[in-house]
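Me: I'm new to reading protein models. Could you take me through one, feature by feature?

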Amino acid sequence: MKIGIVSRKIISTEKNKRLEGYPLYVLDILDTEGNLTGESVVAFDTVGVGIGEKVIVTIEGDAAVQLIKHKDAPVDAVIVAKIDRIDEIEK
Amino acid sequence: MKIGIVSRKIISTEKNKRLEGYPLYVLDILDTEGNLTGESVVAFDTVGVGIGEKVIVTIEGDAAVQLIKHKDAPVDAVIVAKIDRIDEIEK
Amino acid sequence: MKIGIVSRKIISTEKNKRLEGYPLYVLDILDTEGNLTGESVVAFDTVGVGIGEKVIVTIEGDAAVQLIKHKDAPVDAVIVAKIDRIDEIEK
Amino acid sequence: MKIGIVSRKIISTEKNKRLEGYPLYVLDILDTEGNLTGESVVAFDTVGVGIGEKVIVTIEGDAAVQLIKHKDAPVDAVIVAKIDRIDEIEK
Amino acid sequence: MKIGIVSRKIISTEKNKRLEGYPLYVLDILDTEGNLTGESVVAFDTVGVGIGEKVIVTIEGDAAVQLIKHKDAPVDAVIVAKIDRIDEIEK
């Protein structure tokens, strides 16, 4: 999984009908320090994310499709959790 | 999924017969700001895309193949939606 | 698989219920020389890792989900082994 | 899928027996402009490619294995089509 | 698949029991010219590789797991062939 920040919402009317019913967001992927990596991904939301929230995104078709009602949906990325905080581990 | 812009069409006569019946496009992948990333992908179109349109592409074999008639087609990328617009989320 | 070092723990209360029961860590991916690559991944722990340990992480939905109780969990990375040491092979 | 150019042939006698029967090539991956990206991939040929030809390669285990006789072959990339030409789309 | 050179062996005692019985190596991935790319991968050996040998590695869970006795092993990379030589194709 990757850490991402919810940055944009995608509005799409012409799409495959199996993609309907889940909001579609652009996530900016963050590195370990919480900085933007420059990479982004489009993901479905199954958690109910809010503005600018940090989330965990699962990026892989087989894994991602498990949370979607339509098991044959062409989905490869899903928001699976909100992040409360990230604790540094004492070394 | 990734955001791409339809940039070229591929003409191929010698190909696996399970690939027939779907137009094959080159998509330039865009970053969060809508700029070209330099990455590109070849994808089947199942939506009916037009010239220079922004689309969402699912990149992953299992997920992608769901929209194709031949379930055993060797496909790893499919155009799944057109993008009307991308809204910035107020922070 | 990749070599990673356990660097942070993620605290998440709002998440999919199929993700519950496994600690969730941020791993920094290491290169052949043991240096940080700058890449990181969020992974479930099924081994019982400790502070700053070097581990092997499997990154791929189908493979990763095999170690999870919920076979339909949306998981794409799992810690599968601790590394005792890495031997250079004499050439 | 990606666009590649057939650049080298791999000769391998000690290999898994389920890999036998298909020629194995090195492909240099090309970008949208047809320039080398520096990335390369090893792929099976199921089309019958010739010298220096531009081809489409499917890169993903589940999708790739569909064209191989042995359904349990450990294959993650297959040449699926020859490219006649790539048309720029008028904007 | 990718071309790699066997560079290190990983010693791991605490690991998932389904990972037992196969030696675990670090491979340095090579580019088309045979130079190091800086990328590395941890892979199981099912061929019986020796010191500094060039090999082909399949990187993908579904494909990789086919060669492993435990079909539910959390494996995403397997050495599938030794390379005798790589022939440049005359253009």
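Me: Let's start with Glu53(B): how exposed is this residue?

Reply: This is a predicted model, so treat every value as computed from it. A residue counts as buried under 20% relative accessible area and as exposed over 50%, with partly exposed in between. Glu53(B) has a relative accessible area of 24%, so it is partly exposed.

Me: Which residue does Glu53(B) pair with in a salt bridge?

Reply: The general idea comes first: side chains of opposite charge can pair when their charged atoms come close. Here Glu53(B) forms a salt bridge with Lys82(B), and their closest N and O atoms are 3.6 Å apart. Lys82(B) sits in strand 5 (residues 77–82) of chain B, while Glu53(B) is in the loop between strand 3 (36–45) and strand 4 (54–59) of that chain. The two are 29 residues apart, so this pair links distant parts of the chain.

Me: And is Lys82(B) buried or exposed?

Reply: Lys82(B) counts as buried, because its relative accessibility is 11% and the cut-off for buried is under 20%. There's another partner to look at too: Glu14(A), Glu53(B) and Lys82(B) are joined into one network by salt bridges that share partners.

Me: Which chains does the salt bridge between Lys82(D) and Glu14(B) join?

Reply: Let's take the pair itself before its place. Lys82(D) and Glu14(B) form a salt bridge, with 3.3 Å between the closest N and O atoms. Lys82(D) belongs to strand 5 (residues 77–82) of chain D, and Glu14(B) to the loop between strand 1 (2–11) and strand 2 (24–30) of chain B, so the pair joins two chains. Lys82(D) is buried, at a relative accessible area of 10%, whereas Glu14(B) is partly exposed, at 42%.

Me: What about a salt bridge inside chain A, say the one Arg85(A) forms?

Reply: Arg85(A) pairs with Asp87(A), and their closest N and O atoms are 2.8 Å apart. Check the exposure of each partner as before. Arg85(A) has a relative accessible area of 47% and is partly exposed; Asp87(A), at 25% relative accessibility, is partly exposed as well.

Me: How many salt bridges are there over all chains?

Reply: The count comes to 20 salt bridges over all chains.

Me: Now for charges in a patch. Which residues form the negative surface patch?

Reply: For a patch, you look for like charges at the surface that lie within 9 Å of one another and have no salt bridge. In this model the patch is made by Glu39(A), Glu39(B), Glu39(C), Glu39(D) and Glu39(E). Take Glu39(A) as a case: you'll find it in strand 3 (residues 36–45) of chain A. Its relative accessibility is 38%, so Glu39(A) is partly exposed, and that value fits the patch rule because the rule asks for over 30%.

Me: How do I describe a whole chain, such as chain A?

Reply: List its elements, then see how they follow one another. Chain A has 1 helix and 6 strands, and along the sequence they run β-β-β-β-α-β-β. Next, look at cover: 57% of the 91 residues of chain A count as buried. The accessible surface of the chain is about 3800 Å², and carbon and sulfur atoms account for 46% of that. Contacts say something about the fold too: among those in chain A with a separation of 6 or more, 50% are between residues 24 or more positions apart.

Me: Which residues does Val49(C) touch, leaving aside its neighbours within four places in sequence?

Reply: Val49(C) is in contact with Val6(C), Tyr25(C), Val55(C), Ile79(C) and Lys82(C). Val49(C) lies in the loop between strand 3 (36–45) and strand 4 (54–59) of chain C, and it is buried, with a relative accessible area of 13%. You can also set sequence against space: Val49(C) and Ile5(C) are 44 residues apart along the chain, with 10.0 Å between their C-alpha atoms.

Me: Where is Ile11(D) found, and what does it touch?

Reply: Ile11(D) is in strand 1 (residues 2–11) of chain D. Not counting residues up to four places away in sequence, it touches Ile83(E), Asp84(E), Arg85(E) and Asp87(E). Ile11(D) is partly exposed, with a relative accessible area of 21%.

Methods
Residues numbered from 1 in each chain as written. Chains lettered and ligands numbered in written order. Predicted model: local features only at pLDDT ≥ 70, side-chain atom pairs only at ≥ 80, totals over all residues. Heavy atoms only, no water. Patch = residues over 30% accessible without salt bridge, like charges linked within 9 Å, V, L, I, M, F, W, Y side chains within 5 Å. Areas by Shrake-Rupley, 256 points an atom, 1.4 Å probe, with all protein chains shown as cover. Salt bridge = Lys/Arg side-chain N within 4 Å of Asp/Glu carboxyl O. Lys, Arg positive; Asp, Glu negative; His and termini not counted. Charge placed at Lys NZ, Arg CZ, Asp CG, Glu CD. Helix = DSSP H or I, 4+ residues; strand = E, 2+ residues; numbered from the N terminus. Buried < 20%, exposed > 50% of the residue type's maximum accessible area, 1.4 Å probe, protein only. Contact = heavy atoms within 4.5 Å.
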